[in-house]
Amino acid sequence: MIGRLSSLKLLEQAVELSPSGTERAHATTRLGWVLCHVRGYRAGADAFAAALAERPEDDALLVEIHQGIAWCAHYAALPDALEHAGTALELAERTGDPKLVASALSCASFLEALTGRAMPLDAIERAVRLGVSPDWFQI
């Protein structure tokens with residue numbers, strides 16, 4: 001528990017000390033992931049919303065922010081989660097980065113599977129065909 005609290009405090013300080021814009025959005029996004037696991041989805045969602053409000057000029061960061069919002073929303077507001085996952089996928093495709101696209105396809109496919117409709121096999125197969133793995137996985 002001490003390690004988590006120390007990490008949380010350091011990230012909170014990083015957010016406070018970061019200049020507004022992309023740099024603060026990046027620090028706030030990292031804080032959002034930690035908050036999801038330490039304080040719950042609502043706290044994480046608030047951090048991701050704050051990161052988005054910084055209006056970062058980095059599409060890869062925007063992909064991660066929208067995935068974070070989607071992850072936080074999936075337990076209570078699946079339609080909102082799907083919308084943010086779709087935005088993340090559009091942004092990832094715009095970058096052309098196969099790792100970002102694979103990550104966004106993974107997130108969107110996971111959330112689509114939660115709807116109870118048919119498995120999104122086309123999207124899953126597309127992610128596999130990219131032949132890359134995202135740098136990290138939330139799911």
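**A walk around helix α6**

Begin by selecting A60, V63, Q67, A70 and W71 in α4 together with L100, S103, A104, C107, F110 and L111 in α6, since these are the residues through which the two helices meet, contact being defined as heavy atoms within 4.5 Å. The model on screen is predicted, so local features are reported only at pLDDT of at least 70 and side-chain atom pairs only at pLDDT 80 or more, while totals for chains, interfaces and linings use all residues. Residues are numbered from 1 along each chain as its sequence is written, and side-chain values use heavy atoms, with hydrogens and water left out. Helices are DSSP runs of H or I with at least four residues, numbered from the N terminus.

Keep both helices selected and look along their axes, which come within 11 Å and cross at roughly 15°; the axes are lines fitted to C-alpha atoms over the stretch in contact, with angles running from 0 to 180 degrees between N-to-C directions. α4 and α6 are therefore roughly parallel to each other, a label for angles under 35 degrees, whereas those over 145 count as roughly antiparallel.

Next, select α6 alone, residues 98–113, a helix of 16 residues that reaches 22 Å from its first C-alpha to its last, close to the 22 Å expected at 1.5 Å a residue. At its N-terminal end, show the side chain of D97, which caps the helix with an oxygen 2.8 Å from the backbone nitrogen of K99. Among the buried residues of α6 are V101, A102, L105 and A108, where buried means under 20% relative accessible area, exposed over 50% and partly exposed in between, with a 1.4 Å probe and protein chains only. The buried residues of α6 pack against α4 (59–73), α5 (78–95) and α7 (121–129).

Now add α5 to α4: their axes come within 8 Å and cross at roughly 165°. That makes α4 roughly antiparallel to α5. The contact is made by residues including L62, H66 and I69 of α4 and H84, A88 and L91 of α5.

Move then to the loop between α3 and α4, where R55 is found. The phi of R55 is near 55°, a positive value in a residue other than glycine. Most residues other than glycine have a negative phi. R55 is exposed, with a relative accessible area of 69%.

Finish in helix α3 (residues 41–53), where A50 lies; at 37% relative accessibility, A50 counts as partly exposed. Select R24 as well, and the two C-alpha atoms, 26 residues apart along the chain, are separated by 9.3 Å.

Terms used. The expected span of a helix is 1.5 Å times one less than its number of residues. A polar contact is a pair of N or O atoms within 3.5 Å; within protein, one must be able to donate a hydrogen and the other to accept it, and residues adjacent in sequence count only if both atoms are side-chain atoms. Angles under 35 degrees count as roughly parallel, over 145 as roughly antiparallel, 65 to 115 as roughly perpendicular and the rest as oblique.
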